[in-house]
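The following exercises concern a single protein chain and are to be worked with the sequence and coordinates at hand. Each task is followed by a solution in steps.

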Amino acid sequence: MSYILSSSKKFKKTKRDSYISTLQSLPDDLLIDILSRVGSISFTDFFNAKLSCRDFLEVSEEKFIMKNISVEKFHAVPWWEVKDEISSFLKACEESGNPELLYRQGMMEFFSLKKVESGEEYLKRAMEMEHMEASYVYGIILLCKGGEYSNEDQGIKLLNAVKKSRKLGECRERTKAFILSMWVNNPIAKSQELITSCHVETCGGRNNGGGGRRRGWPWIYERDEDIKDDNFCEACIWDDEVSLFCKQFS
């Protein structure tokens, strides 16, 4: 019996040594890629993986990993003092260009801290990394700014891209939840009717004075195409979206 137990322990040790030896033979670039993929799905799995092997631990703070790691486990706006080690970790992720943290910082600075320019810059950086909520909010901000055709054109393109991704409903809910979780000191407001690019003679938004428009958001996840309304042109549809977004602050 003791022989069997001894053999079993020896087998487990041999198997573990073989596993470690295999990891040690991998180049750092591959280790970083593996850990990045794990971290992008689950922070918990990332944390366990880096503690399981010295080779993972040594590359765990690489910028590429910090940029792609999932931070969904951490509250967007914590209502209690964050531990130093967590704060340092999140700061490292932000400085590495983690799109979710860039989005969160942008939302805080623009809507809560009244740092409009830096808030826009954070949201723009997250948008350029194809972060959906950042693209949605930044598109809304551009339309609210008005004044220049380029703002309207870019804002509409961003919102169309979000709609095409079929994540418009999800973006609305997540954005609304974020806004409700923080102190809003800089509510956004629509400066004008955003139909300067409406040239469709049959558009219900222009010809009917906006009569018959939808009321409220269609909170749809699997059927985001329901926002399409053949009675309204593209510009008027997004004008309606901006109005509904801004009502969250009234």
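**Exercise 1.** Which helices do the buried residues of α7 pack against?

*Solution.* The model is a predicted one. Begin with the extent of burial: α7 is mostly covered, with twelve of its 14 residues buried. Next, identify these residues: Pro99, Glu100, Leu101, Leu102, Tyr103, Arg104, Gly106, Met107, Glu109, Phe110, Phe111 and Ser112 are the buried residues of α7. Finally, list their partners, which are α5 (63-68), α6, α8 (116-128), α9 (132-145), α11 (168-180) and α13.

**Exercise 2.** Determine how the axes of α6 and α7 are oriented, and describe the contact of α6 with α7.

*Solution.* First, locate the two elements: helix α6 comprises residues 84-95 and helix α7 residues 99-112. Their axes come within 8 Å and cross at roughly 100°. Angles of 65 to 115 degrees count as roughly perpendicular; α6 and α7 are therefore roughly perpendicular to each other. The contact involves Leu90, Cys93 and Glu94 on the α6 side, and Leu101, Leu102 and Gln105 on the α7 side. Sorted by class, the contact of α6 with α7 has four nonpolar residues, one polar residue and one charged residue.

**Exercise 3.** Compare the end-to-end distances of α7 and α13 with the spans expected at 1.5 Å a residue, and establish how far α13 is buried.

*Solution.* For α7, which has 14 residues, the distance from the first C-alpha to the last is 19 Å, close to the expected 20 Å. For helix α13 (residues 234-246), the 13 residues should span 18 Å; the end C-alpha atoms lie 19 Å apart, which agrees. As to burial, a residue counts as buried under 20% relative accessible area. Twelve of the 13 residues of α13 are buried, so this helix is largely enclosed by the rest of the structure. The buried residues in α13 are Ala235, Cys236, Ile237, Trp238, Asp239, Asp240, Glu241, Val242, Ser243, Leu244, Phe245 and Cys246.

**Exercise 4.** Characterise the protein as a whole: its secondary structure, burial, contacts and exposed area.

*Solution.* Count the elements: there are 13 helices and zero strands. Along the sequence, the pattern is accordingly written α-α-α-α-α-α-α-α-α-α-α-α-α. Of the 250 residues in the protein, 44% are buried. Then consider contacts between residues at least 6 apart in sequence: 70% of these join residues at least 24 apart. Lastly, the protein exposes about 14,900 Å², of which carbon and sulfur atoms supply 52%.

How values were computed:
Residues are numbered from 1 along each chain as its sequence is written. This is a predicted model: local features need pLDDT of at least 70, side-chain atom pairs count only at pLDDT 80 or more; totals for chains, interfaces and linings use all residues. Side-chain values use heavy atoms; hydrogens and water are left out. Helices (H or I, at least four residues) and strands (E, at least two) are DSSP runs, numbered from the N terminus. Buried means under 20% relative accessible area, exposed over 50%, partly exposed in between (1.4 Å probe, protein chains only). Contact means heavy atoms within 4.5 Å. Accessible areas come from the Shrake-Rupley method with a 1.4 Å probe; for residues, only the protein chains shown count as cover. Axes are lines fitted to C-alpha atoms, for helices over the stretch in contact, and angles run from 0 to 180 degrees between N-to-C directions. Angles under 35 degrees count as roughly parallel, over 145 as roughly antiparallel, 65 to 115 as roughly perpendicular and the rest as oblique. Ala, Val, Leu, Ile, Met, Phe, Trp, Tyr, Cys and Pro count as nonpolar, Asp, Glu, Lys and Arg as charged, and the others, Gly among them, as polar. The expected span of a helix is 1.5 Å times one less than its number of residues.
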